[in-house]
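Subject: Handover of a structure and notes on its sheets, pockets and cavities

Dear colleague,

Please find below the structure that I am handing over to you. My notes on it follow directly after.

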Amino acid sequence: MTTRITIRKPDDWHLHVRDGEMLKAVLPYTAKNFARAILMPNLIPPVRTTADCSAYRERVLAALPPGSKFKPLMTCYLTDDTDPDDVERGFRDGVFTGVKLYPANATTNSAAGVTDYKKVMRVLERMEKIDMPFLMHGEDTDPDVDIFDREKAFIDRHLSKWIKQFPKLRFILEHLSSKDGADFVKSAAPQVAGTITPYHMMLTRNDWFGHGLKPYMYVMPVIKTARDRTALRKAATSGEACYFLGTDSAPHPYSRKVSTNGVPGMFNAPVALETYTQVFEEEGALDKLEAFASLNGPKHYRMPVNEETITLERTPWTAPEEVKVAGPDERALVYRGGETIAWKVVG
Ligand code: NCD
Ligand code: ZN
């Protein structure tokens, strides 16, 4: 049995670190294990312009532990009014790494998202022209679409057309949650790639509400069936270049998470890399972990791979149940908090 594994330092291609005290409390967990991360722009107010984004990046850099070499990669929150010239400027100046689509009201802090795709076609045209990646929360929010079918509906109704309309645009379908999503990405690679979270590979909807309701497992896209989970595990551990790591670690104040009208999002940064490693071990694919975690993402984003390495050992430890946050936010629940975690980062 393998008990120790060393890989190139990974990157997290989908991460929420929020702002203010929450940012300070959660960022160190990612900065410790990941060299870079794509930071999601769904703040209130959202990170819409190059100016918003430069200011947010400064706040993120200021929240890093002293001496950290972690590099935040920033995204532009697409709205009906996004200015293609500002997007181009931000990309050329190295402020934006990509543009992120939130369909309006699809998930946490997406009220300012896109209400009508016709309104953003000019931005997509420009992105294609300047070779700027397009990151998508790929769910169709039509109220007639069942929540478990939102990913498939988004692909069928929109993405399958856009890949033909913009043949040179690079797409990333974020947080793949279904077999349909995983299959589509493979069929449309290398133009389309997909990130996969640790929790979509660990959980099914039975875990979420089959034996008591676990509010912390409420995420968008929602956790689906065992068949979907199997497909995602096979996809991630296949080593195929179109799939890569994106934790979607998304902390919320406890009171907003555990509520009669709770918010979607799961804070998993404290156990993310260890959980991915467990999944790869269970699938007999530890030899593919480095491709998924450290090679495939940079390839799709056309960035260099990291030179540093990270080592994990099979040493059990207990995950913290929550992380304290100064001020009114108080604390954020941790995914797998209190559980014994098999793998540990040791260097
Ligand atoms: C994310 C959040 O909380 O910002 N929530 C989630 O359920 N995944 C937003 C997102 O990525 O959908
Ligand atoms: Zn997310």
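In which helix does Thr275 lie? The residue belongs to helix 11. Please bear in mind throughout that this is a predicted model.

Thr275 and helix 11

Thr275 has a relative accessible area of 0% and is therefore buried. Apart from neighbours within four places in sequence, Thr275 is in contact with Pro198, Met202, Tyr335 and Arg336. As for Tyr102, 173 residues of sequence separate it from Thr275, and the C-alpha to C-alpha distance between the two is 27 Å.

Helix 11 covers residues 272-282 and lies across strand 1, strand 10 and strand 15. Its direction runs at about 65 degrees to strand 10.

The three-stranded sheet

The strands that helix 11 crosses form an open sheet of three strands, ordered 1-10-15, with antiparallel pairing. Its edges are strand 1 (4-8) and strand 15 (344-345), each of which pairs on one side only. Strand 10, residues 309-313, runs antiparallel to strand 15 and is joined to it by two bridges. Across this pair, Leu312 stands opposite Val345 of strand 15.

The eight-stranded sheet

A further open sheet has eight strands in the order 2-3-4-5-6-7-8-9, and here the pairing is parallel. Strand 2 and strand 9 (243-245) each have a single partner strand, so they stand at the edges with one side lacking a neighbour in the sheet. On average, neighbouring strands of this sheet are turned by 30 degrees against each other, direction ignored.

Two helices pack on this sheet. Helix 2 (residues 50-62) touches strand 3, strand 4 and strand 5 (96-101), and its direction makes about 150 degrees with that of strand 4. Helix 3 (residues 84-92) touches strand 4 and strand 5, with a direction at about 140 degrees to that of strand 5.

Strand 3 may be followed in some detail. It spans residues 36-39; Arg36 and Ile38 point one way from it, Ala37 and Leu39 point the other way, and all are buried. With strand 2 (residues 11-15), strand 3 pairs in the parallel sense over three bridges. With strand 4 (residues 71-77), the pairing is again parallel, over four bridges. Ala37 takes part on both sides: it is the bridge partner of Asp12, and its own bridge partner in strand 4 is Pro72.

Elsewhere in the sheet, Thr195 is found in strand 8 (residues 192-196). Is Thr195 buried or exposed? With a relative accessible area of 1%, Thr195 falls under the 20% limit and is therefore buried. Beyond neighbours within four places in sequence, its contacts are Trp13, His14, Ile172, Leu173, Glu174, His175, Leu176, Phe244, Leu245 and Gly246. Among these contacts, Phe244 and Leu245 fall within the range of strand 9 (243-245).

Cavities

Rolling a probe the size of a water molecule over the atoms shows where empty space is left. How many cavities of 30 Å³ or more does the count give? The count comes to two.

The largest cavity holds about 100 Å³ of space. Its lining comprises 18 residues, and those nearest its centre are His16, Thr107, Met220, Asp248 and Ala250. By class, that lining divides into seven nonpolar, eight polar and three charged residues.

The second largest cavity holds about 50 Å³. It is lined by Tyr216, Ala250, Pro251, His252, Lys257, Gly265, Met266, Phe267, Leu333, Val334 and Tyr335. Of these, eight are nonpolar, two polar and one charged. Ala250 thus appears in the linings of both cavities, and Tyr335, listed here, is also a contact of Thr275.

The largest pocket

The largest pocket contains about 270 Å³ of space. It is lined by 13 residues, of which Arg18, Asp19, Ile44, Asn109 and Arg256 are the closest to its centre. The lining consists of five nonpolar, four polar and four charged residues.

With kind regards

Note on methods
Residues numbered from 1 in each chain as written. Chains lettered and ligands numbered in written order. Predicted model: local features only at pLDDT ≥ 70, side-chain atom pairs only at ≥ 80, totals over all residues. Heavy atoms only, no water. 1 Å grid on protein atoms, 1.4 Å probe; cavity = no way out; pocket = protein on both sides within 12 Å on 5 of 7 lines; lining within 4 Å. Points joined across faces, edges and corners; volume = space filled by probe spheres on them. Nonpolar A, V, L, I, M, F, W, Y, C, P; charged D, E, K, R; others polar. Pairing = 2+ DSSP bridges. Contact = heavy atoms within 4.5 Å. Axes fitted to C-alpha atoms, helices over the stretch in contact; angles between N-to-C directions. Buried < 20%, exposed > 50% of the residue type's maximum accessible area, 1.4 Å probe, protein only.
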